[in-house]
Amino acid sequence: MKEYDVTAMGELLIDFTENGMSAQGNPLFEANPGGAPCNVLAMLARLGHQTAFIGKVGRDFFGEQLKKAIQEVGIDSGYLLSDDEVHTTLAMVHTLPGGDRDFSFYRNPGADMMLTEDEVPENLIANSKIFHFGTLSMTHEGVRAATKKAVASAKKNGALISFDPNLRPPLWKSMEEAREQAAYGISNCDILKISDNEIQWFTGEADFNAGIHLLKRQYDVPLILLSMGREGSRAYYRDLRVEAAPFLQENTVETTGAGDTFGACCLHFVLEYGIDNLNEEKLIRMLRYANAAASIITTKKGALRVMPDKDEIEDLIAAGVN
């Protein structure tokens, strides 16, 4: 038996989210703990799973804030390292009309980039059922090598591998390099969570089904989860394609963490049933549950500290408002 349900590796950072205007007319920003991998873990912890995070922050005020935040939500912080020289990564999140976001990163360098191969805790990965990662830990050579060592360790020890490209174009030297690293993640994962714009970017196909079928021909990914924002979501599993409508909110504030919340809930179902024991009925329930949770998080500022609980999710599903 493995002690941890999901271990994730990658970025842990501060999301400065817009929060009104000052008396002088200046924009106010709230320092929210963020980073996609820990958002995923926070949602899983909320659902009762044992989770751990591998990453690095600066030995500074924000690094301390982030460590306390993941501890508060139930993520094991014992493998979070601190860098004495490089500061914690920061992101300014600009909310666009409708809740979508634009990002400005302060990461040249940022502490999350400084994790090395020697610092990868293979014992933790060996003790985990699922290993989850994205491309932000692959933007630079050192942390890329650390990520690939972690993936190799997960494979060696029989962990399922979950991958979310989480594309952030400003962080890449070129989009061709981003595509190469995304291809590495897709070729090595058992569970792929990918967004509508990412599948179009990666495959060049405007039609989502055509893009997924291209992926399935090229890569042997057992479970592909496609998030489509206001259009809902789909799951592609073996010969099945299952779709679920979104739970649209009138009081959406922003979409930060929605994809991470969705992906975490899907991993919750994989942990419950196993990747070899899914069927159409389970996939439909999985997508509805994940869509509901993602909908709830759009009504809140930030994500990591405010993930919905089981009752909130089940109440929204029972209300049947989608």
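User: In this predicted model, which residues does proline 27 touch, not counting residues up to four places away in sequence?

Analyst: Leaving out residues up to four places away in sequence, proline 27 touches Gly20 and Met21. Proline 27 has its place in strand 3, residues 27-34, and its C-alpha atom is separated by 46 Å from that of isoleucine 275, which lies 248 residues apart from it along the chain.

User: What makes proline 27 partly exposed?

Analyst: Its relative accessible area is 44%, and since buried means under 20% and exposed means over 50%, proline 27 falls in between and is therefore called partly exposed.

User: Why is the pair of phenylalanine 16 and phenylalanine 62 called edge-to-face?

Analyst: The model has 9 aromatic pairs. In the pair of phenylalanine 16 and phenylalanine 62, the ring centres are 5.7 Å apart and the planes stand at 90°; centres have to lie within 6.5 Å for a pair, and planes over 60 degrees apart count as edge-to-face, so both conditions are met and the name follows. Phenylalanine 16 lies in strand 2 (residues 13-21) and phenylalanine 62 in helix 2 (residues 61-72), so the pair ties together parts that are 46 residues apart in sequence. Phe16 and Phe62 also form one aromatic cluster together with Phe61.

User: How do you know whether phenylalanine 16 and phenylalanine 62 are buried or partly exposed?

Analyst: The cut-off for buried is under 20% relative accessible area; phenylalanine 16, at 15%, therefore counts as buried, whereas phenylalanine 62, with a relative accessible area of 22%, is partly exposed.

User: Why is the pair of phenylalanine 133 and phenylalanine 163 called tilted?

Analyst: Their ring centres are 4.9 Å apart and their planes are at 40°, and because stacked requires planes under 30 degrees apart and edge-to-face requires over 60, this angle leaves tilted as the description. The pair links distant parts of the chain, with phenylalanine 133 in strand 9 and phenylalanine 163 in strand 10, 30 residues apart. Phenylalanine 133 counts as buried at 0% relative accessibility, and phenylalanine 163 likewise counts as buried at 0%.

User: How do you know with which strands strand 9 pairs?

Analyst: A pair of strands needs at least two bridges. Strand 1 (residues 4-9) is joined to strand 9 by 4 bridges, the two running parallel, and strand 9 pairs with strand 10 (residues 160-164) over 5 bridges, again in the parallel sense; both counts therefore satisfy the rule. Tyrosine 4 has serine 128 in strand 9 as its bridge partner, while histidine 132 stands opposite serine 162 in strand 10. Strand 9, which covers residues 128-134, is mostly covered, with 6 of its 7 residues buried.

User: Which elements make the right-handed β-α-β unit?

Analyst: The unit is made by strand 9, helix 4 (residues 141-156) and strand 10.

User: What makes lysine 148 lie over the face of tyrosine 184?

Analyst: Lysine 148 is placed at 4.6 Å from the ring centre of tyrosine 184, and the cut-off for a charge over a ring is within 6 Å, so the distance condition is fulfilled. Tyrosine 184 is among the buried residues of helix 5, which also include Glu177, Ala178 and Gln181.

User: How do you know that the span of helix 5 agrees with the expected one?

Analyst: Helix 5 (residues 175-188) has 14 residues and, at 1.5 Å a residue, should span 20 Å; its end C-alpha atoms are 20 Å apart, which agrees. The elements against which its buried residues pack include strand 9, helix 4 and strand 10.

User: What makes helix 8 mostly covered?

Analyst: Of its 16 residues, 12 are buried, among them Phe262, Leu267 and Phe269. Helix 8 (residues 258-273) reaches 23 Å from its first C-alpha to its last, close to the 22 Å expected, and is followed by glycine 274, whose phi is positive, near 85°.

User: Why is asparagine 166 counted as buried, and what is its phi?

Analyst: Its relative accessibility is 11%, and as buried means under 20%, asparagine 166 therefore counts as buried. Its phi is positive, about 45°, although it is not a glycine, and its place is in the loop between strand 10 and helix 5.

Key
Residues are numbered from 1 along each chain as its sequence is written. This is a predicted model: local features need pLDDT of at least 70, side-chain atom pairs count only at pLDDT 80 or more; totals for chains, interfaces and linings use all residues. Side-chain values use heavy atoms; hydrogens and water are left out. Buried means under 20% relative accessible area, exposed over 50%, partly exposed in between (1.4 Å probe, protein chains only). Contact means heavy atoms within 4.5 Å. A crossover is right-handed if, with the strands pointing away from the viewer, the path from the first strand over the helix to the second runs clockwise. Rings of Phe, Tyr and Trp (its six-membered ring) pair if their centres lie within 6.5 Å; planes under 30 degrees apart count as stacked, over 60 as edge-to-face and the rest as tilted. A charge sits over a ring if NZ of Lys or CZ of Arg is within 6 Å of the ring centre and within 35 degrees of the ring normal. The expected span of a helix is 1.5 Å times one less than its number of residues.
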